[in-house]
Amino acid sequence: MRPTTDMLRLMLRSLAILLAVITVSSCSTTRRLGPDDVLYTGVKKIDITTYEKEPMAPGLQSSVKNAVNVAPNNCLISPYLRYPFPLGLWVYNNWSNPPKGFKHWLYEKLVREPVLISDVRPEVRTEMIDQILDNNGYFRGHATYELLKGKNPKKAKILYKVSTGPAYPIDTVEMLPDTTQLYHLIDSIALKGTYLHAGSRYCTDSLSAERVRIANALRNKGYYFFRPEYVEYLADSTITPGKIALRMTVGTNLPKLALVPYKTGTITTRINRNRGGGTPDTTMTRRGMLIQMMPSRLRKNLIPQCIGFREGRTLTVREMDRTQTRLSRLGIFNSIEINVFPDTTAERTLNVDIDCTFDAPLEASLEVNVTSKSNSYLGPGLMFGVTNRNLFGGGEQLSVNLTGSYEWQTGRDRGKSIFNSYEVGLTTSLSFPRLLAPRFIPRSRREINWTRISLNVDVLNRPHYFKMAQFNTGLSYDWRVNRYVSNTLTPFKLTYTKLINSTHEFDSIMNENKAIAESFKSQFIPQLSYSFVYDRNIDRDNNINWQFSVQEAGNIFWGIYELCGKKGEKKLFGTPFSQFVKGQTQLVYGRRLSGDNWIVTRAAVGAAHAYGNATTVPYSEQFYVGGANSIRAFTVRSVGPGSYKVPQNLINGYFDQTGTFKFEFNVEYRFPIFGPLHGALFFDSGNVWLLKEDPLRPGGKLRGKTFLRDLATGTGAGLRLDIGMLVVRGDLGVGIHLPYDTGKRGYYNMTSFKNSLAFHLAIGYPF
């Protein structure tokens with residue numbers, strides 16, 4: 001339905017009235033407040049003073065901020081900073097609410113009721129702070145507040161002042177009497193911890209954590225029904241002034257079921273169809289009874305190898321968690337439930353019931369990313385994948401992924417662009433949830449290990465330069481030593497690169513630079529590689545991820561040819577094969593500052609060296625920087641090597657801005673904004689270099705004296721929409737320093753601010 005003339009006039013009139021009200025009454029945000037009402041404009045400061053410069057208790061500042069964190073109107077950063085032009089308050093104070101119509105709709109959409117000091121109730125919040133101080137052992141601490149009014153007495157900020165006083169340490173700890181096996185276990189578990197000892201600062205959170213730790217340890221010794229709340233503490237501060245005498249007790253509500261350990265009884269596993277229904281098929285296995293609803297596809301030995309319970313052994317929560325994890329990692333179930341219940345025929349025995357429901361066998365995924373550079377280059381990327389998660393009934397996964405990216409030039413010169421380039425790839429992978437490998441490869445029976453067979457083809461097209469294809473196939477093993485360490489061994493991977501065609505311009509460039517030409521030649525790359533990943537959350541405030549990989553190419557074939565007396569250049573199927581070694585490592589460390597505020601740092605180093613049957617590392621195996629997960633102020637392959645500057649006529653060729661040594665360093669501050677929306681401020685630095693001198697790329701070789709000057713640097717800000725299973729990320733990078741001479745003096749040598757901008761839209765965090 002088209003809007004009538006009267007409706008358009010009404011809309012324009014309403015907007016005109018709104019603009020007039022805002023213009024005339026821009027300072028009137030308190031006109032409708034009552035005589036005793038004061039508009040809350042945020043927190044001025046939270047001033048926390050410790051006793052005689054004692055170190056503040058970890059997490060205290062964050063807890064105090066959470067207690068007073070009330071967002072004012074038009075809040076930018078809660079509770080401190082507001083943005084100007086409080087439109088919602090202007091509407092509330094200066095515009096009446098019509099009973100109906102467009103003006104009523106517009107009023108309801110724009111209006112924001114004022115947040116008053118009486119709504120914040122700072123006197124209650126100081127009492128909350130006092131309670132927080134008590135919980136952290138600051139029994140002499142106290143919090144006060146002060147209203148800070150400006151020119152308008154109807155507006156006020158709040159200043160909170162907190163004096164902690166001295167922290168109360170634990171003086172003595174009285175354990176449970178050693179009269180029962182349960183009490184003896186509780187005492188021994190408590191004494192093995194680091195907190196329940198004289199000298200520890202009294203803290204209710206730490207006491208609660210000890211209760212959880214004791215309960216978890218008992219549940220892993222068969223006391224399945226024991227809960228943290230069954231452990232209680234009595235604290236007395238009157239025996240020794242300024243210190244706490246602590247006594248551990250067991251609650252009077254302790255049920256009989258929690259007093260004894262249990263063994264595992266019968267184990268029953270039910271496998272349900274995705275659509276429900278079916279006919280049960282019962283099989284006895286070494287891990288209990290398996291009931292499978294037919295028709296459905298499932299290998300009989302798959303489920304028993306995932307079950308950690310053993311009939312007749314002590315029932316532990318650890319084995320329950322491991323069973324849940326193993327079944328989940330198969331990737332074939334959409335729900336897994338594990339329940340236990342007492343066996344009515346055997347004393348101190350719990351029967352285990354495992355209920356699994358198949359997921360849909362096929363899964364499709366789509367990922368999109370976009371990179372935009374302020375010099376008019378735009379590039380989207382796409383990945384579409386289909387996975388069959390139970391191909392042969394043994395949890396085998398067949399995945400097919402189609403990837404593509406395209407870059408073109410926008411703006412006035414788009415018709416003359418020579419950079420409409422694309423890259424298309426197809427990857428097929430068949431994965432088995434077990435190691436089809438010799439026994440000498442170490443493995444953990446507590447984890448799911450994988451054997452993967454892959455086949456890949458990729459085509460890269462740079463118009464006016466070249467078109468290159470790459471084919472590879474390989475076999476790899478993934479296994480875990482423990483929950484923190486994972487390994488990948490690729491005993492065989494064969495890659496074939498083929499330069500399909502090239503232009504006269506490209507050929508002339510290659511004729512002038514033999515080193516680059518050598519990296520582009522058609523060749524086989526037979527490889528063997530190993531990678532190691534250590535990933536651990538040290539505690540709730542610290543996590544670390546370290547990755548290391550090393551690979552070699554051509555050495556086995558070269559050795560065989562040498563033993564056979566073959567001299568000179570050696571070939572495989574009539575085509576030369578490459579020979580090199582390559583290693584790289586990356587360390588990512590995350591540190592929680594407070595709440596959901598994190599500082600995440602990343603350092604990455606890599607090196608590659610060609611020898612023997614090759615003089616240059618293949619183009620596909622060389623390093624590059626730039627892009628959404630690297631130095632975000634620059635696009636992919638637009639920096640380096642070293643201080644080398646690409647000739648004007650070759651800009652955007654992107655075939656010589658690679659190297660055989662790489663260094664990157666990133667720092668990112670991540671913070672919440674509102675709900676699932678998070679923000680980030682980042683600093684990126686790095687470059688690639690050559691380990692061998694190339695006279696046609698001056699400044700490209702790695703040298704210690706120019707290393708810092710050769711680092712390209714950039715900063716920027718980003719937004720992340722984190723909805724749990726998916727993170728959509730947008731980053732705006734700003735270039736600071738280019739490693740080559742741009743004609744400008746000083747460290748900041750970007751030609752212009754506009755040309756230093758780069759925007760990246762991607763899926764997931766950068767590191």
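Leu726 is placed in the loop between β29 and β30. The structure described here is a predicted model. With a relative accessible area of 36%, Leu726 is partly exposed.

**The nonpolar patch**

Leu726 belongs to a nonpolar surface patch of about 990 Å². The other members are Ile673, Phe674, Leu677, Leu719, Leu721, Ile723, Val728, Leu732, Phe759, Leu761 and Ile763. Four strands each supply at least two residues of this patch: β27 (661-674), β29 (712-722), β30 (727-737) and β31 (757-763). Which strand gives the largest share of the nonpolar patch? That share, three residues, comes from β31.

**Salt bridges**

The count of salt bridges comes to 25. Three of the pairs are set out below, with the distance between the nitrogen and oxygen atoms.

| Pair | N to O distance | Citation |
|---|---|---|
| Glu396 and Arg299 | 3.6 Å | |
| Arg592 and Asp541 | 2.9 Å | |
| Arg632 and Asp684 | 3.0 Å | |

The side chains of Glu396 and Arg299 meet in a salt bridge. This pair links distant parts of the chain, 97 residues apart. Glu396 sits in the loop between β15 (377-388) and β16 (397-409), while Arg299 sits in the loop between β11 (288-294) and α9 (317-329). Glu396 counts as buried, at 1% relative accessibility. Arg299 is partly exposed, its relative accessible area being 33%.

Arg592 forms a salt bridge with Asp541. Arg592 lies in strand β25 and Asp541 in the loop between β21 and β22, so this salt bridge ties together parts that are 51 residues apart in sequence. Is Arg592 buried or partly exposed? Arg592 has a relative accessible area of 18% and is buried, because buried means under 20%. Asp541, at 22%, is partly exposed.

The third pair in the table is Arg632 and Asp684. This salt bridge also links distant parts of the chain, here 52 residues apart. Arg632 is in the loop between β26 (597-610) and β27, and Asp684 is in strand β28 (residues 677-689). Arg632 counts as buried, at 0% relative accessibility. Asp684 is buried too, with a relative accessible area of 0%. Both residues belong to a network of salt bridges that also takes in Glu668, Arg670, Arg720, Arg729 and Asp731.

**Strands β20, β21 and β22**

Strand β21 (residues 523-539) is paired with β20 and with β22. Strand β20 (residues 485-502) runs antiparallel to β21, and 11 bridges join the two. In this pairing, Thr495 has Ile525 of β21 as its bridge partner. Strand β22 (residues 542-553) pairs with β21 in the antiparallel sense over 12 bridges. Here the bridge partner of Asp539 is Asn542, in β22. How many residues make up the hairpin connection from β21 to β22? The hairpin joins β21 to β22 through two residues. Asp541, the salt-bridge partner of Arg592, is in the loop between these strands.

**The second largest pocket**

About 1,200 Å³ of space lies in the second largest pocket. The pocket is lined by 36 residues, and those closest to its centre are Pro58, Gly59, Leu60, Arg540 and Asp541. The elements that give two or more residues to this lining are β1 (39-49), α2 (60-68), α6 (122-135), α8 (204-219) and β25 (580-594). Helix α8 gives the largest share of the lining, six residues. Two parts of the description meet at this pocket: Asp541 is among the residues closest to the centre, and Asp541 also forms the salt bridge with Arg592.

**Two further residues**

Asn73 lies in the loop between α2 and β2 (75-77). With a relative accessible area of 7%, Asn73 is buried. How far apart in space are Asn73 and Arg286, C-alpha to C-alpha? The distance is 64 Å, and the two are 213 residues apart in sequence.

His104 lies in helix α4 (residues 102-110). This histidine is partly exposed, with a relative accessible area of 24%. From C-alpha to C-alpha, His104 and Asn94 are 14 Å apart in space, and 10 residues separate their positions in sequence.

Note on methods. Residues numbered from 1 in each chain as written. Predicted model: local features only at pLDDT ≥ 70, side-chain atom pairs only at ≥ 80, totals over all residues. Heavy atoms only, no water. Pairing = 2+ DSSP bridges. Patch = residues over 30% accessible without salt bridge, like charges linked within 9 Å, V, L, I, M, F, W, Y side chains within 5 Å. Areas by Shrake-Rupley, 256 points an atom, 1.4 Å probe, with all protein chains shown as cover. Salt bridge = Lys/Arg side-chain N within 4 Å of Asp/Glu carboxyl O. Buried < 20%, exposed > 50% of the residue type's maximum accessible area, 1.4 Å probe, protein only. 1 Å grid on protein atoms, 1.4 Å probe; cavity = no way out; pocket = protein on both sides within 12 Å on 5 of 7 lines; lining within 4 Å. Points joined across faces, edges and corners; volume = space filled by probe spheres on them.
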